[in-house]
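Let's take a stroll through a protein model, looking at a pocket, two helices and a few odd backbone spots. Have a look at the picture before reading on.

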Amino acid sequence: MSTGIRVQEVVPYSLLARGYDQVMDYVDYEAWARYVHRLIRRFRPDAQSVLELGCGTGSLALALQPMGPYRYRASDRSAAMLAVAREKAARAGSPVVFEQADFTDYRVAEPVDVALLLFDGLNYLLEPEGIRALFRCTWQALRPGGVFIFDQSTPMNSLEHEADFDDAGETDTFRYVRRSHYDPERRLHTTIFELEVDGKVYRERHLERAYTLDEIQALLQAEGFHIEAAYDNFSLRPATARSERIHWVVRRPDQAEARP
């Protein structure tokens, strides 16, 4: 797409946001919401309040909130993604409250029963210190006994599916080409979107790091979380070193205790 045309680098999700739902239409958010709701019912059946981090355009929030129904707040760092989320919520008459926040540096006015971070949000943290910051903030956001449900994409996922992320298409607002590359030595997965808008071409570069099960387990334990489960993909089977996606359910202990 960019041959002979000057390409301008832009912040991730700044332009992609307006066509994000069409680009990602293969993701079954309804099924994902049902799975997460099942985990909430299993590990925090009395949950009333939910905080979703990295909510994007709000597709999961709008599917999951009515299942409780939950008092549901959702946040994302991208103002452009939140603008789309709020428009969708308004059309649906949803009570979900959307706020702008960085999930490595946030506070809540009132602790919640459940916190969520899904669809590779953790993988956008390229260094362990970022993950530690996420865990510390989320610990503070949870009530004692509250659960944090999050997923991670593993090195196995990138090794097995690198080529699956190369495609091209058109949305209502832009044409796009998506290219993907995985560096197994650094465990960095780079996805580049070239977006053509009104005859101009823009590039968004998305970087993720693939973490192993053992790495995330060690970071969780260091921050004091009790690990309830680590599930393979969207099942209730224990995750292994061969898992491509892992769903974690971890708990802030009921009793106040010194952090490690």
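A residue counts as buried when its relative accessible area is under 20%, and as exposed when that value is over 50%. Keep in mind that this is a predicted model.

With those words in hand, start with helix α4. The face of α4 turned away from its buried side carries two exposed residues, A90 and R91. Which residues of α4 are buried? They are M81, L82, V84, A85, K88 and A89. These buried residues sit on the same side of α4, because they cover an arc of only 160 degrees around the axis. Their cover includes the helices α1 (20-23) and α3 (59-64), along with the strands β3 and β4.

You can also check the length of α4. The helix runs over residues 79-92, which makes 14 residues, and at 1.5 Å a residue it should span 20 Å. Its end C-alpha atoms are 20 Å apart, so the two values agree. After α4 comes G93, which has a positive phi near 65 degrees.

Now hop over to helix α7, which covers residues 213-222. Its buried residues are L213, I216, L219 and L220. They too have a side to themselves: their arc around the axis is only 135 degrees, which puts them on the same side of α7. Among the elements that cover them are α5 (128-141), β6 (142-153), β11 (226-232) and β12 (245-251). A glycine, G224, follows α7, and its phi is positive, near 95 degrees.

Next, the open space. Rolling a probe the size of a water molecule over the atoms shows where empty space is left. How much space lies in the second largest pocket? The volume is about 370 Å³. This pocket is lined by 24 residues, and those closest to its centre are L51, R73, E99, E110 and V112. Three strands each give two or more residues to the lining: β2 (49-53), β3 (71-76) and β4 (97-100). Sorted by class, the lining has 14 nonpolar, 4 polar and 6 charged residues.

Two of the residues closest to the centre of that pocket, L51 and V112, turn up again as contacts of A141. A141 lies in helix α5. Is A141 buried or exposed? A141 counts as buried, because its relative accessibility is 1%. Setting aside neighbours within four places in sequence, A141 touches L51, Y106, V108, P111 and V112. Take P111: it is 30 residues away from A141 in sequence, yet their C-alpha atoms are 4.9 Å apart in space.

Finally, some backbone oddities. Most residues other than glycine have a negative phi, and most peptide bonds are trans. Here are three spots that go the other way.

| Spot | Backbone angle | Place |
|---|---|---|
| G68 and P69 | cis peptide bond, omega about -10 degrees | P69 is in the loop between α3 and β3 |
| F119 | positive phi, near 60 degrees | loop between β5 (112-117) and α5 |
| D120 | positive phi, about 70 degrees | loop between β5 and α5 |

How does accessibility look at the two positive-phi spots in the table? F119 counts as partly exposed because its relative accessibility is 24%. D120 has 10% relative accessibility, so D120 counts as buried.

Technical notes: Residues numbered from 1 in each chain as written. Predicted model: local features only at pLDDT ≥ 70, side-chain atom pairs only at ≥ 80, totals over all residues. Heavy atoms only, no water. 1 Å grid on protein atoms, 1.4 Å probe; cavity = no way out; pocket = protein on both sides within 12 Å on 5 of 7 lines; lining within 4 Å. Points joined across faces, edges and corners; volume = space filled by probe spheres on them. Helix = DSSP H or I, 4+ residues; strand = E, 2+ residues; numbered from the N terminus. Nonpolar A, V, L, I, M, F, W, Y, C, P; charged D, E, K, R; others polar. Expected span 1.5 Å × (residues − 1). Buried < 20%, exposed > 50% of the residue type's maximum accessible area, 1.4 Å probe, protein only. Arc of directions from axis to C-beta. Contact = heavy atoms within 4.5 Å.
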